Amino acid sequence: MLSSIKHYTSVTWEYLKLSILTVFEYPANMIGWLISNPLQFIVGFATIQFVVKEFGDISGWNYGQLAFLYGLAIISHALSMIFFVQGWFMGFFVIEGDFDRYMLRPMNVLYQFCFTHFNLIGITDLIPGICVFVYGCIQVGFVFNLRNIVALLAILVGATFIRGGVYIIIGSSTFWTKSVADFGGYTQEFFDKTTMYPLSMYPESVQFILTFVIPIGWVSFYPAAELMGLSKDAFMPGVAPLISLGAGAAVFAVAAVIFYMGLKRYESAGS
Amino acid sequence: MNSIAAYFYVYKIRIQKSLAYHYDVYGNILMQCIIMFAAAFFWRALYAGETVVQGVEAEQMYIYTVISTAMSVFFMNDVEQRVMRSVEKGTIAVEMLKPINLYGIFFFEDLGKLTALLFQNLIPILLIGSIFIAVPKPASAMAFLLFIVSLIMAYLIHWLLAACFSMWAFVTINMTPLLQVKKHLIRLLSGSIIPLWFFPDWLASVLNCLPFVYIYQLPLDIYIGKASMENLILRLGIQAVWVVVLLVLFVVLQKIAVKKVMVQGG
């Protein structure tokens, strides 16, 4: 058991080194994204301020609280981009027969799929995430004590796995459809709209689905409400960060089951 | 005369291609609907305690959202991707040898795609928006006519901007991040999501000097009847000037870019 964990982490470490080398091979690419991604989120967030200034708040959340929520959402988005972005492109893996390679190796296939690719360009999303989040923390007077830091870590790990699990579930559909579809655009659009704004602005039926069926509410909304003490929107107060972590584990477990069901239908490339 | 027949042929082929690859269409509708519904609920939450803000009612904001989403169908051009792929593969040289203008081909391809999208995306989006959000009634019949005029010019401005941008592909290898920057700036600073009347005055006056606001904001203002007729006519004039300016810029850049490619080819 111990030796296999050691083996898995050593493989991951080697791939991580390769990813870093790739970034240095094409520095211009990284620099391009370094401008593009922060710009997208920071300008996006700035324009929300114009509206909030006019109306006062969105669904009872003021600008500082919105910054906290928005920042937290971008950070977990960035982490999911680093570790799980390949879920968006699973169609290409299926059509081009890339799973052949993984299945021949004496390692868990899902593990290889998730942890032998590192999209370090995702780091360019972390920067605006941290900026907006820190701004939000200052605005709402968030205290970085041990309890809050542990809670934040639990939320971020849970949120990253919820996102990653959803990407893999959507991506696994290509085992059945055999289509080369890029799910990135609408997956990101959907997550952006549901994690960066208070969930309470949506109708109750949508809130119900995003709380219990596809637990996206636990990516940022409920834990943020709890950490800032917004009792109106807090749900399961006291344990929301733990529920985020649990939801992450649950979504990822479902994703693993669907992934392996799909893998049984995998037929490799045409010839 | 011959070249017109050739362009028409390109146009027809692109429509047929769009109709054949129709599975992209559902993805697009899904994405546009997510954006449309999220925006509608965003405005609903904001207007919860208000009736009129900046001279605009909630109902007008819902119409704004539906029309803005529907308008996005007009701005799904391929010209940048098309040039990028051709330069990468090297087929650009062969395409330039053809006895008709290179960008003429791309323009008619985009028109063909747009024609197919009017049926595949625009109508479904308008239907879904009308049923679930608001029936997008224009402010008046006159407003609707002016909207169409303005929308055509908006299409030209957006296409010419994209064509000018696409010439970067002749000098840089990977311009995907650059295209992302442009896409986000247009989306955020053209009034497509948040109208310019909420922006601080200094920023709004800067943006009024750039072509972006003439892509979404002006046609939308006309549609919901946000400004006086004199103001709208004046802005339509500025919009027309932008079309001409970008057209000149495009012609100049094309001359330079063509030389650049020849150097690389030799």
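1. In this predicted model, the side chains of B:Lys113 and B:Asp78 form a salt bridge, their closest N and O atoms lying 3.2 Å apart. B:Lys113 belongs to helix α6 (residues 102–132) of chain B, whereas B:Asp78 sits in the loop between α3 (58–71) and α4 (79–89) of that chain, so the pair ties together parts that are 35 residues apart in sequence. The two partners do not share one exposure class: B:Lys113 is buried, with a relative accessible area of 16%, while B:Asp78, at 24%, is partly exposed.

2. A second salt bridge in chain B joins B:Arg82 to B:Glu95, with an N to O distance of 3.0 Å. This pair, too, links distant parts of the chain, since B:Arg82 is placed in helix α4 of chain B and B:Glu95 in helix α5 (residues 92–97) of chain B, 13 residues apart. Both ends of the bridge are buried: the relative accessible area of B:Arg82 is 16%, and that of B:Glu95 is 11%.

3. Chain A offers a local case, in which A:Lys17 and A:Glu14 meet through their side chains in a salt bridge of 3.5 Å, N to O. Both residues lie in helix α1 (residues 2–25) of chain A, where they are three residues apart, or about one turn of the helix. Each of them is partly exposed, A:Lys17 having a relative accessibility of 37% and A:Glu14 a relative accessible area of 43%. Over all chains, the structure holds 10 salt bridges.

4. How many salt bridges are there between chain A and chain B? The count is one, and the bridge is formed by A:Glu189 and B:Arg187, whose closest N and O atoms are 3.1 Å apart. A:Glu189 and B:Arg187 are also joined with A:Lys193 into one network, through salt bridges that share partners. Alongside this, three residue pairs, with both residues at pLDDT 80 or more, are in polar contact between chain A and chain B.

5. As to the extent of the interface, 26 residues of chain A are in contact with 31 residues of chain B. The area buried between the two chains comes to about 2,700 Å², and carbon and sulfur atoms give 79% of it. On the chain A side, the three residues A:Phe50, A:Phe55 and A:Tyr186 supply 24% of the area that chain A buries against chain B, which is more than any other three residues supply.

6. Concerning which elements of chain A take part, α2 (27–55) and α9 (184–195) each supply at least two residues of the side that touches chain B. Of the elements of chain A, α2(A) gives the most to that side, with 14 residues. By residue type, the side of chain A that touches chain B divides into 14 nonpolar, eight polar and four charged residues.

7. A:Trp33, a residue of helix α2 of chain A, has contacts in both chains. Once its neighbours within four places in sequence are left aside, A:Trp33 is in contact with A:Pro38, A:Ile121 and A:Thr124, and also with B:Thr176, B:Pro177 and B:Gln180. With a relative accessibility of 16%, A:Trp33 counts as buried. Although A:Trp33 and A:Asp125 are 92 residues apart along the chain, their C-alpha atoms are separated by 8.8 Å.

8. A:Leu126, which is found in helix α7 (residues 123–140) of chain A, likewise counts as buried, at 19% relative accessibility. Residues up to four places away in sequence not being counted, A:Leu126 touches A:Ile75, A:Ala78 and A:Ile82. A:Leu126 and A:Leu245, by comparison, are 119 residues apart in sequence and 20 Å apart in space, C-alpha to C-alpha.

9. How many disulfides does the structure hold over all chains? The number is zero. For B:Cys209 the reason lies in distance, because its sulfur is 19 Å from the closest cysteine sulfur, that of B:Cys164, which is too far for a bond. In terms of accessibility, B:Cys209 is exposed, with a relative accessible area of 54%, whereas A:Cys114 is buried, with a relative accessible area of 2%.

How values were computed. Residues are numbered from 1 along each chain as its sequence is written. Chains are lettered from A and ligands numbered from 1 in the order in which they are written. This is a predicted model: local features need pLDDT of at least 70, side-chain atom pairs count only at pLDDT 80 or more; totals for chains, interfaces and linings use all residues. Side-chain values use heavy atoms; hydrogens and water are left out. Contact means heavy atoms within 4.5 Å. Buried area is the accessible area (1.4 Å probe) that two parts lose on being put together, summed over both. A salt bridge is a side-chain nitrogen of Lys or Arg within 4 Å of a carboxyl oxygen of Asp or Glu. A polar contact is a pair of N or O atoms within 3.5 Å; within protein, one must be able to donate a hydrogen and the other to accept it, and residues adjacent in sequence count only if both atoms are side-chain atoms. Helices (H or I, at least four residues) and strands (E, at least two) are DSSP runs, numbered from the N terminus. Ala, Val, Leu, Ile, Met, Phe, Trp, Tyr, Cys and Pro count as nonpolar, Asp, Glu, Lys and Arg as charged, and the others, Gly among them, as polar. A disulfide is a pair of cysteine sulfur atoms within 2.5 Å. Buried means under 20% relative accessible area, exposed over 50%, partly exposed in between (1.4 Å probe, protein chains only).
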